[in-house]
Amino acid sequence: MEKDRSLLQSYDYFDAQLSPLGWQQVDNLRKHVHSCGISKTIELVIVSPLLRTMQTAVGTFGGDEYKDGINAPPLMVANVGGSNHPAISSLHCPPFLAVELCRERLGVHPCDKRRSISEYRTLFPAIDFSMIEHDNDVMWTPDNRETNDQIVARGLKFLNWLWTRKEKEIAIVTHSAFLFELMKCFGNDCHPSIKSEICKYFTNCELRSMVIVDKSMTGLDISRTNYPGKIPRGLDLPSDVATEKQP
């Protein structure tokens, strides 16, 4: 069944939140990252400051259900966006940092326009919004949709900033169009099967693990990875076919 694309321009979907199906997908992903141990390795969660990505981030990597009397602010208060979802605790989880550079394609579609940061702070008290300069959304415009080249330029700027982080294991909760356009820039020196894996469109609530090597050494410190350049093994093995062709 074809989706009605005109709905994307409706202000009824301003800063769209997760649907009940979306929350179910988040719950399933949370179970996965806990059962396989990924949640214990994450040092930082970077999230796009839109309602749906922040709900996804805290629902996946946040603490347990928040209870009154806990001496720590919740990652998310109860019933955000009328979701009927309980509050989520910030205890026993990594820090969360909102970054505008990894937002979805900007412009025209109200679902990709964010609320004010002052409003977000009341909804997500334990997310760090200090990197966002403007309270109101100055990046989104109603008349111009961001081009693919503009997304790539913004994405590369995001990666250049990412090199400056000292954390090694980072979860990035962002958007399909942003990732799709950015990932097409990479993998040209890899086997074609790896390139195709990198450039696949992301589905809702999909998790992929990647090793990003700072070849230019632009980070603050010396490279913190000893990645040998082969295919990572384990739960997020990119391609069995690639392993067979390039052992």
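**Entry 1: D15**

I looked up D15 and asked whether it is buried or exposed. D15 has 1% relative accessibility, so it counts as buried. The cut-off for buried is under 20%. I note here that I am working with a predicted model.

Next I placed D15 in the chain. It sits in the segment before α1. Then I checked its backbone. Phi of D15 is near 45°, a positive value in a residue other than glycine. I wrote down why that deserves a note: most residues other than glycine have a negative phi.

**Entry 2: V108**

I turned to V108 and its phi. The value is near 70°, again positive in a residue other than glycine. Where is V108 placed? I found V108 in the loop between β2 and α4, and α4 covers residues 117-123.

**Entry 3: α1 and α3**

I looked at two helices, α1 (residues 20-35) and α3 (residues 51-61). Their axes come within 8 Å. They cross at roughly 35°. I also checked the hand of the crossing, and it is right-handed.

Which residues of α1 meet α3? From α1 I listed W23, V26, L29, R30, V33 and H34. On the α3 side I listed Q55, T56, V58, G59, T60 and F61. I then sorted this contact by class. It has six nonpolar, five polar and one charged residues.

**Entry 4: the sheet**

I traced the strands. Three of them form an open sheet, in the order β2-β1-β3. The pairing is parallel.

Why is one side of β2 left without a neighbour in the sheet? β2 (96-98) stands at an edge with a single partner strand, so one side has no neighbour there. β3 (170-173) stands at an edge too, also with a single partner, so one side of β3 is likewise free of a neighbour in the sheet. I looked up the turn between strands as well. Neighbouring strands are turned by 20° against each other on average, direction ignored.

I followed one pairing in detail. β1 (residues 44-47) and β2 pair in the parallel sense over three bridges. For V45, I found that the bridge partner in β2 is F96.

**Entry 5: aromatic pairs**

How many aromatic pairs are found in the whole structure? I found four. I noted two of them in full.

One is Y120 with F129, which is stacked. The centres are 6.1 Å apart and the angle between the planes is 15°. Both Y120 and F129 are buried.

Another is F158 with F178, which is edge-to-face. Here I read 6.2 Å centre to centre and 75° between the planes. F158 lies in α5 (residues 148-162) and F178 in α6 (residues 176-183), so the pair ties together parts that are 20 residues apart in sequence. Both F158 and F178 are buried. I also found that ring pairs link F158, W161 and F178 into a cluster.

**Entry 6: α6**

F178 led me on to its helix. How many of the eight residues of α6 are buried? Six are, and the helix is mostly covered. I listed the buried residues: A177, F178, L179, E181, L182 and M183. Then I looked up what covers these residues. The cover includes α5 and α7, and α7 spans 192-198.

Methods: Residues are numbered from 1 along each chain as its sequence is written. This is a predicted model: local features need pLDDT of at least 70, side-chain atom pairs count only at pLDDT 80 or more; totals for chains, interfaces and linings use all residues. Side-chain values use heavy atoms; hydrogens and water are left out. Axes are lines fitted to C-alpha atoms, for helices over the stretch in contact, and angles run from 0 to 180 degrees between N-to-C directions. Helices (H or I, at least four residues) and strands (E, at least two) are DSSP runs, numbered from the N terminus. A crossing is left-handed if the near helix is turned anticlockwise from the far one by less than a right angle, and right-handed if clockwise. Contact means heavy atoms within 4.5 Å. Ala, Val, Leu, Ile, Met, Phe, Trp, Tyr, Cys and Pro count as nonpolar, Asp, Glu, Lys and Arg as charged, and the others, Gly among them, as polar. Two strands pair if DSSP finds at least two bridges between them. Buried means under 20% relative accessible area, exposed over 50%, partly exposed in between (1.4 Å probe, protein chains only). Rings of Phe, Tyr and Trp (its six-membered ring) pair if their centres lie within 6.5 Å; planes under 30 degrees apart count as stacked, over 60 as edge-to-face and the rest as tilted.
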